[in-house]
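Let's take a walk through this model together, with the sequence beside you and the 3D view open. We will begin with strand pairing and then turn to the cysteines.

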Amino acid sequence: MAAPGGARRQPLLLLLLAGLVYGASAVFFEVKDGNGTTCIMANFSADFLTNYNTQSGSKNSTFKLPPNAEALNSSSCGKENASNPSLIIAFGNGHTLTLNFTRNSTRYSVQMMRFVYNLSDTQIFPNASSQGPKTAESVPDITADINKKYRCVSSNQIHMNNVTVTFIDATIQAYLSNDNFSKEETHCIQDEPSPTMSPTSAHPSSSPPHPSPTSAHPSSSPPHPSPPHPTPPHPSPTPPHPSPSPVPESPSVHKYNVSGTNGTCLLANMGLQLNVTYKKKDDKTVTRVFNINPNNTKVSGSCTTQQVTLELQSETSTFLAFQFGKNASSSRFFLKEIQLNMTLPDAKVPTFQASNSSLRALQATVGNSYKCNAEEHIWVTEAFSVNIFKVWVQAFQVEGDKFGSVEECQLDENNMLIPIAVGGALAGLVLIVLIAYLIGRKRSHAGYQTI
């Protein structure tokens, strides 16, 4: 049962300053059981980026977790405050964000995050082609030691199909031993310093310098120092309406691999497609789609114990890099960063650069592989996103240059339900027809008597 009064905002100076830095105040939530004992506490701000369909094409909607968001009474401490507690947050016109927790003997984590958004909310989703609630789910990398709070000052992006939720300045704790946050804390991987990477390229090639982690469109002015905790780029509230370019055919699926001194550290089968929005020389904003042609691409990369990098350099001066990281505590690998550096001859600024180092995509247990036959769409910045086709990837522990056990994406699992439902319906229909036939046949025989 949620704490009476729902969400409460802590009027602390520190949180106020954090709100000024990030443009949104953290919201406090608390879940209590029937005896008034607290089992979940959370304090964070969150940004939402949702792609939805309209009659004129797809659009992006960005909005924040409002200060009046509240924990619903349907939130639960689970059985005896020990198993499967959940925090259900409601806000706006029918939107909910749910965090379901689980634990073992030493650690607890969010085993599932679910975001339900209501396309009937015309203020957030104007001109949506469909109405009603939509659901997106993901397994986020939110985990901490028992009796410690999860702390993540940096931005933490959770990708869920066409939705990206960004937690900012988050403090979360489940399975509390008292009615307050623990003094001890477990830091998220985003707050940890990046390890120094020593390149051991499998296929050496000359590639241009990597774009700055916070670069977008470079200018002639010197770069400004990054703030201590930068927020990821989001589309502006009134973005320009770019002219779409003809969408090319689906890209070719190619097998990439990266090896280091200890053998193969990355296997990846995938087709790659880039979506780039930029201003032309006549100030007209356009969106162009580029396929990565593996036949005209040089492959290189590097392996360390904490990072695996795949670098692609095309003949058209396009440099694309994927960096994978892993969380030692949860034993999961994930795509953490994408970098792009390319030349656009018709652009007002010909050199296009974009990167994001706080991604959480293509996740699987170390030693297993991640596979998704459905198309994955990953937003990197407001001007750049990547479509990944038929991806099958494994980072770090690759045994015998072969993929390990498969962990399928949520999209594929949902798609499997459709043929199962159709097959079940057809089987039921055949059974009904057969029963009707047998009953009709029995009645027709009953109308005759033996002479």
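A good place to start in this predicted model is the pairing of strand 16 with strand 26 (residues 384-395), which is antiparallel and extends over 10 bridges. To find the register, look for Leu 274, whose bridge partner in strand 26 is Val 386.

Strand 16 has other partners as well. Strand 15 (residues 254-260) runs antiparallel to strand 16, and seven bridges join the two. Here you can take Ser 259 as your landmark, since its bridge partner in strand 16 is Thr 264. The connection is a hairpin, with two residues between strand 15 and strand 16.

Now follow the chain onward to strand 17 (residues 285-291), which pairs with strand 16 in the antiparallel sense, over seven bridges. Lys 279 stands opposite Thr 285 of strand 17. Strand 16 and strand 17 also form a hairpin, this one with five residues between the strands. Within that turn, have a look at Asp 283, which has a positive phi of about 70°.

How many of the 17 residues of strand 16 are buried? The count is 14, so the strand is mostly covered, with buried meaning under 20% relative accessible area.

Strand 16 also leads us to the cysteines. The structure holds four disulfides. Counting bonded cysteines along the chain, the pattern is 1-2, 3-4, 5-6, 7-8.

One of these disulfides joins Cys 265 and Cys 303, with the sulfur atoms 2.0 Å apart. Cys 265 sits in strand 16 (residues 263-279) and Cys 303 in strand 18 (residues 297-303), so the link ties together parts of the chain that are 38 residues apart in sequence. Is this disulfide left-handed or right-handed? The torsion about its S-S bond is about -65°, so the link between Cys 265 and Cys 303 is left-handed. As for exposure, Cys 265 counts as buried because its relative accessibility is 7%. Cys 303 counts as buried too, at 16% relative accessibility, a value that falls under the 20% cut-off.

Next, step back along the sequence to Cys 152 and Cys 188, which form a disulfide with their sulfur atoms 2.1 Å apart. This pair links distant parts of the chain, 36 residues apart: Cys 152 belongs to strand 10 (residues 149-152), while Cys 188 is in the loop between strand 13 (185-187) and strand 14 (243-244). The link of Cys 152 and Cys 188 is right-handed, with 70° about the S-S bond. Cys 152 is buried, with a relative accessible area of 1%, and Cys 188 counts as buried at 3% relative accessibility.

Finally, go to Cys 372 and Cys 409, another disulfide, whose sulfur atoms are 2.0 Å apart. The torsion about the S-S bond of Cys 372 and Cys 409 is about 65°, so this disulfide is right-handed. Cys 372 is found in strand 24 (residues 369-372), and Cys 409 in the loop between strand 27 (406-408) and helix 2 (410-446); the pair therefore ties together parts 37 residues apart in sequence. Cys 372 counts as buried, with a relative accessibility of 0%. Its partner Cys 409 is buried as well, at a relative accessible area of 3%.

Definitions and conventions. Residues are numbered from 1 along each chain as its sequence is written. This is a predicted model: local features need pLDDT of at least 70, side-chain atom pairs count only at pLDDT 80 or more; totals for chains, interfaces and linings use all residues. Side-chain values use heavy atoms; hydrogens and water are left out. A disulfide is a pair of cysteine sulfur atoms within 2.5 Å. Helices (H or I, at least four residues) and strands (E, at least two) are DSSP runs, numbered from the N terminus. Buried means under 20% relative accessible area, exposed over 50%, partly exposed in between (1.4 Å probe, protein chains only). Two strands pair if DSSP finds at least two bridges between them.
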